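This briefing covers selected residues and helix contacts in the structure shown below. Points are grouped by topic for quick reference.

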Amino acid sequence: MHMKRMKEGEEGSDGSPSKSPPEACKKVRKMSKELEAVAATESPDGNWARLPQELLLHIFQYLPLLDRAYASQVCRGWNQAFHMPELWRCFEFELNQPASSYLKATHPDLIKQIIKRHSNHLQYVSFKVDSSMESAEAACDILSQLVNCSLKTLGLISTARPSFMEVPKSHFISALTVVFVNSKSLSSLKIDDTPVDDPSLKVLVANNSDTLKLLKMSSCPHVSPAGILCVADQCHGLRELALNYHLLSDELLLALSSEKHVHLEHLRIDVVSENPGQHFHTIKKSSWDAMVRHSPKFNLVMYFFLYEDEFGPFFNEEIPVTHLYFGRSVSKEVLGRVGLHCPRLVELVVCANGLRPLDEELIRIAKHCTQLSAIGLGECEVSCSAFVEFVKMCGRRLSQLSIMEEVLIPDHQYSLDEIHWEVSKHLGRVWFPDMMPTW
Amino acid sequence: MLPVENVTQPFTQLPAVSLISQSRPSGFIIHVTPWSLTNQQADAVSPTPAIMVVNSVHWFRKCLRLHDNPALQEALNGADTVRCVYILDPWFAGAANVGINRWRFLLEALEDLDNSLKKLNSRLFVVRGQPTEVFPRLFKEWNVTRLTFEYDPEPYGKERDGAIIKMAQEFGVEAVIRNSHTLYNLDRIIEMNNNSPPLTFKRFQTIVSRLELPRRPLPPITRQQMDKCHTQIGENHDLLYSIPSLEELGFRTEDLSPAVWRGGESEALDRLNKHLDKKVWVANLEHPRVNTCSLYASPTGLSPYLRFGCLSCRVLYYNLRELYMKLRKRCSPPLSLFGQLLWREFFYTAATNNPNFDRMEGNPICVQIPWDQNPEALAKWAEGRTGFPWIDAIMTQLRQEGWIHHLARHAVACFLTRGDLWISWESGMKVFEELLLDADWSVNAGSWMWLSCSAFFQQFFHCYCPVGFGRRTDPSGDYIRRYIPILKDYPNRYIYEPWNAPESLQKAANCVVGVDYPKPMINHAEGSRLNIERMKQVYQQLSHYRGLSLLASVPTIQEEAEPPMTDESQTSSGPGRRRPD
């Protein structure tokens, strides 16, 4: 399987945009017509060296970086084309150590070249690092040198363990600050699992408050609720935000719902338990209501990683969550409360529940969560009859139904072999439960 | 319970054509007679087949049994002498990734074969060396004219066998191969799926449900058959062709506890009887729900015997089928009855044409995931020192006995890969290969890819908690106490998470975490949070999905969306079920 890289408006990529096939074909045809024209007027030899730069640029944009680099060795003209600014708007630095990753790394010489010749062309940049501290430090070093850069997008992505957390905090902060201060038009920032702190967020805000649209900072332990509140207060264009629950506050939600603020599109919250018996604060229903009034279409995505007995503060009142994921075992009662208090629910994914059938809870969810279109059940139990009832009530709106085979308990009405026909009938497509190898 | 003989058909002389499809690439010659040699060589051989002496050699590799062994039957058919060989390289044994339990099982299986052959007035010839050097010698020494063996569908096996067949041809030896390791002809399944192996189990089952039933198993070879091709056993047989001991292979056996799983065909058939008796007694031929008992090695467990071929998969198939039809009085059993056998078949089919099946790089069906490289963490997992008693108990049972329940496999595989440690499934696969008795190459690699969500379009959201899953499977905690005796005095409340027990309790239980038992090597909540993000990133890049749904990140495969296949018209739409009106 070949992973294609798509150039997205806001994301850093390696600079090889792939257009949809019909469009690409049109372009290629146009290009070959132009090439024919060139060939017709010139002598057979030497055409290639005299291709117009715009054409070269266009062709190079289709080539992956390595092929482009080879092409640049062919002649001076092509080497010049290789260094055209348009080809250096997007770049993804891949920093891996052979001892800690299977992946190849961006060549150090190429990195030097980019910093030397192209740092002021870079606009959409991401860093993919493996689990070694060296890789994360290398990323910070590069960041520190992007002084002439005016970035629109920055993504710091750890592909395995969060190695940015191992870098000395001051080193990381100063590198990040360089970017914040120089960019002044940052629109998208992904800094999950990094040691970013409140002061650096202030710097971000001081320089980029007009342009910031997307901020993903899950698991940034050095940020406080006040720090993120500052961002929400000043960055009125913020449309997407991802953070941990401990940073969420009523004030934050109200700030995001203020008149000056644009409609929020997407709020992602991770609720993670550090120690068993951890206490979580509650958010007032009125704060959520304000959010919904201000941004009626916004998606609230919540990922829970709690012990079963830590759910006390949650789901006691109506909450506008749309996508819900329970990464550990969640109790029957909590799922019952979900059915009662989550009318906007679109997707529900339950990793594990335990060995008491969730019949009533599922029926209730089918009844009250009228927007539900995706459900996934892992280590749970549901009787076949209740499950069929659930599917009947949801009907064809269920576009994703991922149920582990062991979940379904055969009863007097249905056996395992029969149930998939019943369910398929109500869904309007062929459906089977998910299976695991048994050997 | 039906004796083995009653479910087989009498052996009839099959035409000398292999069951393998004719569309083999050239170089893979399936049935070569001396008459297809070059003129020069043909001249040297007697032109009249009728007075030609047939000296057969049957080569045991897997299929370590005398029942349902069509290739062996072919060796005996019209032969003047027959010798059964097993080729083994003791020097290679030390280098291979095979642990002591697997070797012991194999040696016991060979001993069982030898004993069975003794009763038929023959012996097993264990020849030391590599096939490519051993066969030329044997061909000459024994005047071999016919070589028989069971078809090996695995890519490495096909390559090795291709070379041997070519060599046999050069020596004027007829090579006869028969398929008996799998229920079906795997190439036929691939053909019926538009010439590519099914990549979802559902699709696989659909295709299989439209095939004819597997060929019926053959009876065991008889004394009468062997008498017709009696072979003199030399005085020095035990000197030259004996089965090596574990010591000879380089293992130390002083502290070795007795085998929990005894190797060999006799043991396999004995277990088959008990397995079927148990099914009758339980009166439930469906999947039993797992409980504490299932975690322990079962005296009716059959998977290692299927792997080594001590038990024929077709014998098991037909015994299950006929038992079901007798008990349930229905026309045909559902495919779910043969779950274990079909999973095995599924992975063999997926692997047969893919030499890179057991790795990520260069494997067209495997998702490229940026796994971490961390030898220290891997060692802790492999040696049962993770600090999570559930994981450690499972890995301990695996190392000590060579078998763990499939849910235990899911738990440790998830923990190593996408659940907690984010280490490559290839590393886990290698550890299983070393320790697990029933780990065939195809099934092991395929299962690891499946469990790590690296292939077969699996949803990755369900993560097995190393504490909760264990507790739900065995609330009594006895499994932990059995395999991690140092924790035996912990109460049920803390035995799955001893690090949470108050210090006083730890001291009272004579097991302080961090001193007598390791601290947990990872924070599961954090780990699983990170990993679900990683998986989502990988899959979203793969499927170009930009939305918020976790479930929709995983692409659905075309074959699921459209059931039509290259084969005939639709027959029954579902196996053995009553359609509700």
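Is B:Ser122 buried or exposed? In this predicted model, B:Ser122 has a relative accessible area of 5% and is therefore buried, the cut-off being under 20%. The points below place B:Ser122 in its loop, and then turn to B:Cys84 in strand β2, to two residues of helix α15 of chain B, to two helix pairs of chain B and to totals for chain A.

**B:Ser122 and its surroundings**

- B:Ser122 is located in chain B, in the loop that runs between α4 (100–119) and β3 (124–128).
- Beyond the residues within four places in sequence, the contacts of B:Ser122 are with B:Leu117, B:Met226 and B:Ile233.

**B:Cys84 in strand β2**

- Strand β2 (residues 81–88) of chain B contains B:Cys84.
- The relative accessibility of B:Cys84 is 0%, so this residue counts as buried.
- With residues up to four places away in sequence left out, B:Cys84 touches B:His58, B:Phe60, B:Leu72, B:Leu117, B:Arg123, B:Leu124 and B:Phe125.
- B:Leu117 is thus named among the contacts of B:Cys84 and also among those of B:Ser122.
- Between the C-alpha atoms of B:Cys84 and B:Pro389 there are 47 Å, and the two residues are 305 residues apart along the chain.

**Annotated positions in helix α15 of chain B**

- An unreviewed UniProt entry lists residues under "binding site", among them B:Leu342, B:Glu345, B:Asp438, B:Ala439 and B:Asp440.
- B:Leu342 is part of helix α15 (residues 339–351) of chain B, and B:Glu345 also belongs to helix α15.
- B:Leu342 is buried, having a relative accessible area of 1%.
- B:Glu345 is likewise buried, with a value of 0% for relative accessible area.
- Apart from neighbours within four places in sequence, B:Leu342 contacts B:Leu183, B:Tyr184, B:Phe201, B:Phe204, B:Gln205, B:Val208 and B:Leu335.
- On the same basis, B:Glu345 contacts B:Thr182, B:Leu183, B:Tyr184, B:Leu186 and B:Phe204.
- B:Leu183, B:Tyr184 and B:Phe204 therefore appear in the contacts of both B:Leu342 and B:Glu345, contact being heavy atoms within 4.5 Å.

**Packing of α14 against α15 in chain B**

- Helix α14 (residues 313–328) of chain B packs with α15(B) at an angle of about 145°, and their axes are 10 Å apart.
- The crossing of α14(B) past α15(B) is left-handed.
- From α14(B), the contact draws on B:Cys313, B:Leu316 and B:Tyr317, and from α15(B) on B:Gln340, B:Leu341 and B:Arg344.
- This contact of α14(B) with α15(B) comprises 4 nonpolar, 1 polar and 1 charged residues.
- B:Gln340, B:Leu341 and B:Arg344 are also included in the UniProt "binding site" listing.

**Packing of α5 against α6 in chain B**

- The axes of helix α5 (residues 131–141) and helix α6 (residues 155–170) of chain B cross at roughly 25° and come within 11 Å.
- α5(B) is therefore roughly parallel to α6(B).
- α5(B) passes α6(B) with a right-handed crossing.
- B:Pro131, B:Thr132, B:Phe135, B:Pro136 and B:Phe139 of α5(B) meet B:Ile164, B:Met167 and B:Ala168 of α6(B) in this contact.
- By class, the residues of the α5(B) contact with α6(B) are 7 nonpolar, 1 polar and no charged.

**Totals for chain A**

- Chain A has 15 helices and 14 strands.
- Of the 439 residues in chain A, 55% are buried.
- Among chain A contacts between residues at least 6 apart in sequence, 72% join residues at least 24 apart.

Notes: Residues numbered from 1 in each chain as written. Chains lettered and ligands numbered in written order. Predicted model: local features only at pLDDT ≥ 70, side-chain atom pairs only at ≥ 80, totals over all residues. Heavy atoms only, no water. UniProt positions renumbered as here; feature names shortened; annotations may be inferred. Helix = DSSP H or I, 4+ residues; strand = E, 2+ residues; numbered from the N terminus. Buried < 20%, exposed > 50% of the residue type's maximum accessible area, 1.4 Å probe, protein only. Axes fitted to C-alpha atoms, helices over the stretch in contact; angles between N-to-C directions. Parallel < 35°, antiparallel > 145°, perpendicular 65-115°, else oblique. Left-handed = near helix turned anticlockwise from the far one by under 90°. Nonpolar A, V, L, I, M, F, W, Y, C, P; charged D, E, K, R; others polar.
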